[in-house]
Structure formats: C-alpha cells, structure tokens
Amino acid sequence: MSLSHGLSCVIGGAGTGKTTVLRTTIECYRALDYNIYAMALSGRAATRLRESIGIKTMTIARFLRNVEVDDKPTLLVIDEASMLDLPTLYQIIIKTTASIRLLLVGDPDQLPPIGAGLPLRDIIPAYS
C-alpha cells in the first residue's frame, strides 16, 4: 500500500510486527532510490527507531528546522504517530512536495497527542 499511495499507515499493538513491516518497506524505498527521513516526536523515540530499523533518524522538530525537502522522491516515516497532533502534522505537510510519501507508524490505542486533534485515529478508517 505504501508504494502505491502518498499516505499510508503501519498500525498495531506491541509485538504485532510493525518494525518488521517498516524495515521491509524502507528497503523497498531504498531500492527505488528514495530519500528517507525517519522521525519521532522525542529524541528517545528517534533513538529507538534508529536502533530498530538501522537508518539515521531525527526528531520531528529537527526535521522541521533543518531539512530542506527537494523534488527527489522522498519517504517520510513518522514513528509513534498516535502522539502526533494536527498542527505538527500540518507543519510537516506544508514542508513537503508532491513527490513525498508519508508513512505513519504507531498504535492508535497508545498515548494521544498533547495538542489538538487525533490525526492517526482519523486517518485509519480511510484504510479499513
């Protein structure tokens, strides 16, 4: 699904295989020569993500501050997406171009965002 849609989700509880699916998806995008930016809200979550998928990761704040997205095909992976609020998702989206693919990873039953909105929970029914 991720390879054929601009927005996709990998959801499930602990131990359901999200990391395995994510690693495989990232390898497919690498083979297609995509830029890949993997991120999470907190530094600790970004570090855990790097350890589990084996690529460079960053916080969402660092991505928003320091990364200039060009027109090259790009995959943005957002881990712990249940904690992503609507204003932050909006900031990420307006920074992107038409060639961007967005992959949200998380457990919708985990911690909700501190800010407004529940974008992951709102997006999931579109893929059911």
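**Salt bridges and sheet order in a predicted model**

Let me begin with Asp33, which sits in the loop between H1 and S2. I should say at once that what we are looking at is a predicted model, and that everything I describe is computed from it. Asp33 has a phi near 65 degrees, a positive value in a residue other than glycine. As background, most residues other than glycine have a negative phi.

Asp33 also takes part in a salt bridge, since its side chain meets that of Lys72 at 3.6 Å, N to O. This pair links distant parts of the chain, with Lys72 in the loop between helix H3, residues 60–66, and strand S4, residues 74–78, while Asp33 lies in the loop between H1 and strand S2, residues 35–40, so that the two are 39 residues apart. Lys72 counts as partly exposed, at 29% relative accessibility.

How many salt bridges does a search of the whole structure find? The search finds three, and having described one, I will take the other two in turn.

Glu80 forms a salt bridge with Arg48, and the closest N and O atoms are 3.6 Å apart. Here too the pair links distant parts of the chain, with Glu80 in the loop between S4 and helix H4, residues 86–94, and Arg48 in helix H2, residues 43–53, at a separation of 32 residues. Glu80 is partly exposed, with a relative accessible area of 27%, and Arg48 counts as partly exposed at 44%. Glu80 has a positive phi of about 55 degrees, although it is not a glycine.

The remaining salt bridge joins the side chains of Glu27 and Arg30, at 2.8 Å, N to O. Both residues lie in helix H1, residues 18–31, three residues apart, which is about one turn of the helix. Glu27 is partly exposed at 43% relative accessible area, and Arg30 likewise counts as partly exposed, at 39%.

Staying with helix H1, we find Thr25 there as well. Is Thr25 buried or exposed? At 14% relative accessibility, Thr25 counts as buried, and, if we leave aside its neighbours within four places in sequence, Thr25 is in contact with Ser2 and Leu103.

Let me now turn to the sheet, which is an open sheet of five strands in the order S1-S5-S4-S2-S3, with parallel pairing. S1 and strand S3, residues 57–59, stand at the edges, each with a single partner strand, so one side of each is left without a neighbour in the sheet. Neighbouring strands of this sheet are turned by 25 degrees against each other on average, with direction ignored.

At one edge, S1 pairs with strand S5, residues 100–106, in the parallel sense over five bridges, and the bridge partner of Leu7 in S5 is Leu102. Along S1, residues 7–11, the side chains alternate, in that Ser8 and Val10 point to one face and are buried, whereas Leu7, Cys9 and Ile11 point to the other and are not. At the other edge, S2 and S3 pair in the parallel sense over three bridges, and Ala40 stands opposite Thr59 in S3.

Finally, we can place two helices against these strands. H1 lies across S1, S2, S4 and S5, running at about 165 degrees to S5, while H2 lies across S2 and S3, running at about 165 degrees to S3.

Note on methods
Residues numbered from 1 in each chain as written. Predicted model: local features only at pLDDT ≥ 70, side-chain atom pairs only at ≥ 80, totals over all residues. Heavy atoms only, no water. Salt bridge = Lys/Arg side-chain N within 4 Å of Asp/Glu carboxyl O. Helix = DSSP H or I, 4+ residues; strand = E, 2+ residues; numbered from the N terminus. Buried < 20%, exposed > 50% of the residue type's maximum accessible area, 1.4 Å probe, protein only. Pairing = 2+ DSSP bridges. Contact = heavy atoms within 4.5 Å. Axes fitted to C-alpha atoms, helices over the stretch in contact; angles between N-to-C directions.
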